[in-house]
Amino acid sequence: MFLAALLLLTVALLSILVLDGIKKDQRTQYETFLAQQARTANLYFIQLSLGEPFVMPEEYLLNGGNELAEELDRVIGQLVVLYDKNGKKTGESVEKSESGDMETALFFALQNKTAYQTEEDSLYYFAPLVAGGEQIGVIRLYYSLSKNLDFIQNIRALFFYIGAGVFVCSFLLGYLYFNSFANGILKLKSMTDRIRSGRYDIETLPRKDELGTLGEGIYDMSRQIVKTIGDMEAEQQKLTLAVDKLSRLEQQQKQFIGNITHEFKTPLTSMNAYLDLLEMYPDDTELRGRAQVNIRQEAHRLYEMVDKVLQLSALEKYDFEYSMEEIDIKQIILRVCGNLKGKLDKFEIQLETDLTQAFIEADRENLVIILVNILDNSIKYNRPQGQIRIKNYIDSANVLIEISDTGIGIPAEAASKIFEPFYTVDKNRSRQKGGAGLGLALVKKLVESQGGTIDLAETGPEGSTFRLTFPLAESKVYNNEN
Ligand code: ADP
């Protein structure tokens with residue numbers, strides 16, 4: 001509206017100025033024209049009066065009457081009215097009724113001045129009639145302004161239509177333009193409102209102007225906020241996990257220390273008891289024999305326990321630098337089996353192998369500890385004259401090792417717990433065998449630190465099968481021969 005009103009005002013001002021200019025121009029034109037006509041009429045009058053040598057120009061004017069006026073009219077083509085120097089009408093070319101009062105203009109003309117008066121579309125031009133350097137009367141010319149007024153009327157109408165057209169067009173264009181801007185601003189507002197309420201799934205503003213650029217900026221900002229929030233949430237999640245893990249570790253640590261204290265105390269109490277008895281009955285040979293066996297057994301168990309606890313706690317505490325190398329699984333299994341030959345023979349256990357050459361990336365010493373512990377359990381929990389079978393094979397990118405025995409098996413409810421530190425299925429039996437539930441916990445940690453996994457593949461009254469999985473060393477070419 002403002003734009004349209006502004007343009008309308010401009011057109012109105014322009015029209016006033018133009019019309020005023022036209023009017024002034026018209027006035028100058030008809031003033032010049034009528035002055036020229038009056039001069040011509042005056043000259044012609046003098047010429048006519050000279051034709052009458054014995055009549056004075058004043059008399060000639062008085063006597064000329066309507067005929068003189070008609071004569072002048074014929075020459076200049078203008079209606080003519082003549083007055084004497086007293087302002088009395090002496091003749092006129094056409095009788096015409098005059099509505100207005102001409103006294104003032106006539107009065108001026110009688111003072112030897114030029115004056116004119118307009119009435120509607122008529123202009124009455126008064127000029128002094130001069131002869132021999134003296135004013136003898138007044139000549140009045142009639143000029144029709146109708147053409148001039150029509151022209152001005154047409155121009156005014158033209159301006160009116162132009163003004164109306166400009167107003168309507170500028171209003172429409174302005175409306176469309178500002179409406180599109182207002183829509184853009186409203187969309188931007190709804191975008192920011194959405195962000196303020198925590199919803200960042202906004203769309204860009206499909207515009208190519210400054211509002212579009214602003215919209216893009218807001219969109220990018222929302223993406224950045226989403227990313228930052230995502231990062232923060234991920235960090236928070238990591239932190240929560242780390243805190244959980246820490247508190248779990250702390251809990252495990254406490255439990256671990258509690259278990260160690262208990263497990264260490266039991267053999268020491270038993271050894272102390274035997275030492276007290278020996279002090280009391282130094283001559284009892286039977287007691288001495290029993291004490292010897294018991295103290296040796298408990299000392300051995302203590303030694304084993306200290307060894308494993310140290311290894312386990314070292315794993316818990318330090319980030320080991322393993323000396324990783326490519327190891328042929330077949331070779332290392334055969335080596336461990338060779339070391340355990342004495343024990344196998346002692347318990348009359350038969351060992352069967354089905355091995356294939358396969359290379360993995362691992363720490364050699366850790367691999368030996370892993371295999372020794374599993375095989376040691378297979379011997380410990382086997383039946384007399386039982387069997388142990390070791391098999392390895394390659395499956396896609398992994399090497400799998402399966403160690404099966406014909407032992408007592410593991411109850412289903414214990415299967416998930418045997419890898420926890422100090423967990424034993426049967427405390428007494430483990431103690432008799434010199435174990436404290438640390439072997440498999442150590443094995444699991446070592447296997448995982450080599451990038452592998454361990455699980456109890458099968459168990460039952462006929463025996464158990466443990467399965468180890470390690471990723472194949474990439475650089476080697478394998479063959480599946482034993
Ligand atoms: P331990 O030193 O007592 O043997 P481990 O951590 O090596 O402790 O084993 C945990 C428990 O799992 C053992 O107490 C035993 O009951 C059970 N176990 C481990 N291996 C075998 C197996 N081959 N056959 C039967 N039971 C087993």
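## An exposed turn residue

Ser396 is exposed, with a relative accessible area of 64%. The model is predicted. Ser396 sits in the loop between strand 9 (387–395) and strand 10 (398–405). Its phi is near 45°, a positive value in a residue other than glycine.

Strand 10 also holds Ser404. Ser404 is partly exposed, because its relative accessible area of 22% is not under the 20% that marks a buried residue. Ser404 touches Gln387, Ile388 and Arg389. It also touches Ser464 and Thr465. That list leaves out residues up to four places away in sequence. Ser404 and Thr465 are 61 residues apart in sequence, yet their C-alpha atoms are 4.1 Å apart in space.

## Overall form

The protein has 11 helices and 12 strands. Its radius of gyration is 65 Å, whereas the globule rule gives 23 Å for 482 residues, so the protein is more spread out than a compact globule. The box around the C-alpha atoms says how the chain is laid out: roughly 200 × 55 × 35 Å along the principal axes.

Sequence separation adds to this picture. Take the contacts between residues at least 6 apart in sequence: 64% of them join residues at least 24 apart.

## Surface and charge

About 29,300 Å² of the protein is exposed. Carbon and sulfur atoms supply 56% of that area. Of the 482 residues, 37% are buried.

The charged side chains number 52 positive and 68 negative. The centres of the two sets lie 9 Å apart.

## Nonpolar cores

The largest nonpolar core has 51 residues. Six of them touch the most other members: Ile333, Leu367, Ile370, Ile390, Phe466 and Leu468. Helix 9 (residues 364–380) gives this core its largest share, 7 residues. A second, separate core has 24 residues, including Tyr30, Leu61, Leu82 and Ala131.

Phe466 has many partners beyond four places in sequence. Among them are the isoleucines Ile374, Ile401, Ile403, Ile410, Ile418 and Ile454. Phe419, Leu440, Leu456 and Ala457 also touch Phe466. So do two acidic residues, Glu402 and Asp455.

## Helix 11 and its end

Leu440, a contact of Phe466, is one of the buried residues of helix 11 (residues 439–449). The others are Gly439, Ala441, Leu442, Val443, Leu446 and Val447. Just after helix 11 comes Gly451, with a positive phi of about 85°.

## The loop between helices 4 and 5

Arg207 is found in the loop between helix 4 (146–196) and helix 5 (210–280). It is partly exposed, with a relative accessible area of 22%. Which residues does Arg207 contact, leaving aside its neighbours within four places in sequence? They are Ser180, Phe181, Gly184 and Gly212.

Arg207 can also be placed against Leu400. The two are 193 residues apart in sequence. Their C-alpha atoms are 62 Å apart in space.

## Other sites

Asn112 has a positive phi of about 65°, although it is not a glycine. It lies in the loop between helix 3 (103–110) and strand 3 (115–119). Its relative accessible area is 47%, so Asn112 is partly exposed.

Two helix residues complete the survey. Val75 is in helix 2 (residues 57–76). It is partly exposed, at a relative accessible area of 35%. Thr40 is 35 residues from Val75 along the chain, and the two C-alpha atoms are separated by 8.5 Å. Gln331 is in helix 7 (residues 329–339). It is partly exposed too, with a relative accessible area of 48%. Gln331 and Ala358 are 27 residues apart along the chain, and their C-alpha atoms are separated by 9.2 Å.

Methods:
Residues are numbered from 1 along each chain as its sequence is written. This is a predicted model: local features need pLDDT of at least 70, side-chain atom pairs count only at pLDDT 80 or more; totals for chains, interfaces and linings use all residues. Side-chain values use heavy atoms; hydrogens and water are left out. Helices (H or I, at least four residues) and strands (E, at least two) are DSSP runs, numbered from the N terminus. The radius of gyration is taken over C-alpha atoms; the globule rule is 2.2 Å times the number of residues to the power 0.38. Buried means under 20% relative accessible area, exposed over 50%, partly exposed in between (1.4 Å probe, protein chains only). Contact means heavy atoms within 4.5 Å. Accessible areas come from the Shrake-Rupley method with a 1.4 Å probe; for residues, only the protein chains shown count as cover. Lys and Arg count as positive and Asp and Glu as negative; His and the chain ends are not counted. The place of a charge is taken as NZ of Lys, CZ of Arg, CG of Asp or CD of Glu. A nonpolar core is a set of buried Ala, Val, Leu, Ile, Met, Phe, Trp, Tyr and Cys residues joined through side-chain atoms within 4.5 Å.
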